[in-house]
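Q: Hey, can you walk me through this structure? I'd like to go bit by bit.

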Amino acid sequence: MQDVVLFEELNAGDKVIGVATLNSEKSLNALSLAMAEKLLPQLKKWAKDDNVACVWLQGAGEKAFCAGGDIVAMYKAMQAEPGKLVSEVENFFTQEYQLDYFIQTFPKPLICWGDGIVMGGGMGLMNGASHRIVTERSLLAMPEVTIGLYPDVGATYFLNRMPQGCGLFLGITGATMNANDALYLNLADHFVGHESKETILTQLKELEWGDTEALNKQKVSDLLSSIASSDPTALPTPQVEPHQSLITELTDGNDIGDIVTRIVNDETDDKWLARARKNLANGCPFTSHLVWNQLQQGSDLSLADCFRLELTLSCNCAVRGDFAEGIRALLIDKDKNPQWQHSSVAEVPAEEVDAFFLPPWGERTHPLADLDK
C-alpha cells in the first residue's frame, strides 16, 4: 500500500519547509478519509514546530491538485444502510471540515500549488491556504449540483464573498473557472506558469526567514509577486468577469425557482455560459434550494459556524437527499442519468428544504462543536 500523503522537510537555511503531497494520481488526488487523517496531525505538528518556516501543499502528478472528495466509499456505506446516518459519512465530512478549518486558521505561511484540476474537496484545501497559486493549467469548480450535493468545504463562507451574484451562479451551475477567474473571484492570490514550480521552491529555500509568522507571510507574498511579475506565461481568457453584469441580472430576485428558470432560458451565445446552463438544467433540483438557503443563512456566520452548518447539510444529503443517486449515476453505473427525487426546482417543497437545516444527531453534541475552541 502506498502512502496516501507524502511528507518531507526541505532545508531552508536555519529553517525547514514542510511539504505535503496528496499521493493518489489514479483518483486525481481525491481527498479520502485516510488522507485527512494523515494530513491534519502533520499540519498541527508543523504549526507548533519553530523550525518549520512554512508549508507547501501539492498533489502528485501533472493532472490535478485535488479533484474532489473520495465519495465512492461513502456511497457503498450509504447503500448498506439506506436512510441512516452511517459513520463513514459523518466521519469523512467531520474530518474533512476540521482539516479545512485548520488550514484556514494555520498560523504560518501555507502555500497551495493549485496546478491542474481543483474541484470540490480540493477547493476546500486550497481556499484556506494563505498563498494560493494557480497556473495556466488550473481548472477550478464546485460541481456538486451533478451529484446531488451542494458546495461545501467552506463554500458557505467564500461564495458569499464573491462579486454580486457570482457565488450563487457558480454554486448552482457548477461552472468551471480558470486561473483568471480564480484571481477575479478571490479564489487565488498568484498566477505563474506551471514550469515556475521549481523556481519558487528554490527561492523559498533561499529566503531569509524572519522571526514572526506575519513577517514570513509577507516575505512569501513578496517572493511570489516578484516571480509572477517576471513570468512570461499568458493568463487564460477570463470567463466570469466579462459576464459579471449578466450574472448579477440573472441571479437578482427572491425566488430560486425564478432565478433558475431565468438562467436556463438565457440565450447568450457563449460556450462557457452554455455549459453552465446545461449543468444546471441536468443537475439536481434540490441543490439549487440548498445553495440558495445556504448562502442566505450563511451570510453573517463565522467561518466555524459555516462549517457546522455544512456538516448538518452534508449528513442530511446522505440520509434523505439525492447524494447516493448522484454518485451512482456519475461514478458507479456511469449512466449519467440520475433519477432525482424532484423533476424541477419549482416542485421542491419548502418544508423538505427546511428539514435539511435541522441537525441529524438528535441528543448528541454537534461533532464540530469545539471547532473554534
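**Pockets, a helix and a sheet**

A: Sure, let's start with the second largest pocket: 16 residues line it, and Asn160, Gln164, Gly165, Leu168 and Leu295 are the ones nearest its centre. Keep in mind that this is a predicted model.

Q: OK, how much space lies in the second largest pocket?
A: About 320 Å³.

Q: And which helices each supply at least two residues of its lining?
A: Helix 6 and helix 13 each do that.

Q: What's the split of nonpolar, polar and charged residues in that lining?
A: There are seven nonpolar residues, eight polar and one charged.

Q: Let's look at helix 6 then. Is helix 6 mostly covered or mostly open?
A: Mostly covered: helix 6 runs over residues 166-173, and eight of its eight residues are buried. They are Cys166, Gly167, Leu168, Phe169, Leu170, Gly171, Ile172 and Thr173. You've met Leu168 already, as one of the residues nearest the centre of the second largest pocket.

Q: What covers the buried residues of helix 6?
A: The cover includes helix 10 (244-250), helix 11 (256-265), helix 12 (271-282) and helix 13 (285-298).

Q: What comes just after helix 6?
A: Glycine 174, which takes a positive phi of about 65 degrees.

Q: Which residues have a positive phi although they are not glycine?
A: Two examples are asparagine 186, at about 60 degrees, and lysine 334, also at about 60 degrees. They catch the eye because most residues other than glycine have a negative phi.

Q: Where is asparagine 186 found?
A: Asparagine 186 is in the loop between helix 7 (179-184) and strand 9 (190-191). Its relative accessible area is 47%, so asparagine 186 counts as partly exposed.

Q: And lysine 334, is that one buried or exposed?
A: Exposed, because its relative accessible area is 59% and the cut-off for exposed is over 50%. You'll find lysine 334 in the loop between helix 15 (323-332) and helix 16 (350-355).

Q: Changing topic: what is the volume of the largest pocket?
A: About 930 Å³. The largest pocket is lined by 35 residues, and nearest its centre are Pro143, Thr146, Ile147, Leu330 and Leu331.

Q: Which elements give two or more residues to that lining?
A: Helix 3 (87-104), strand 6, helix 12 and helix 15. Helix 15 has the largest share, with five residues. And remember helix 12: it is also part of what covers the buried residues of helix 6.

Q: How does the lining of the largest pocket divide by residue type?
A: Into 19 nonpolar, ten polar and six charged residues.

Q: You mentioned strand 6. What order do the strands have in its sheet?
A: The order is 4-6-8, in an open sheet of three strands with parallel pairing. Strand 4 (64-66) and strand 8 (139-141) are the edge strands, each pairing on one side only. From one strand to the next, the twist averages 15 degrees.

Q: How many bridges are there between strand 6 and strand 8?
A: Three, and the two strands pair in the parallel sense, with strand 6 covering residues 117-119.

Q: Which residue in strand 8 is the bridge partner of isoleucine 117?
A: Leucine 139. So try finding that pair in the picture, isoleucine 117 with leucine 139 across from it in strand 8.

Terms used:
Residues are numbered from 1 along each chain as its sequence is written. This is a predicted model: local features need pLDDT of at least 70, side-chain atom pairs count only at pLDDT 80 or more; totals for chains, interfaces and linings use all residues. Side-chain values use heavy atoms; hydrogens and water are left out. Buried means under 20% relative accessible area, exposed over 50%, partly exposed in between (1.4 Å probe, protein chains only). Helices (H or I, at least four residues) and strands (E, at least two) are DSSP runs, numbered from the N terminus. Contact means heavy atoms within 4.5 Å. Two strands pair if DSSP finds at least two bridges between them. Axes are lines fitted to C-alpha atoms, for helices over the stretch in contact, and angles run from 0 to 180 degrees between N-to-C directions. On a 1 Å grid over the protein atoms alone, a cavity is a set of points where a 1.4 Å probe fits but cannot get out, and a pocket is an open set with protein on both sides within 12 Å along at least five of seven lines; lining residues have an atom within 4 Å of a point. Grid points are joined across faces, edges and corners, and a volume is the space filled by probe spheres set on the points. Ala, Val, Leu, Ile, Met, Phe, Trp, Tyr, Cys and Pro count as nonpolar, Asp, Glu, Lys and Arg as charged, and the others, Gly among them, as polar.
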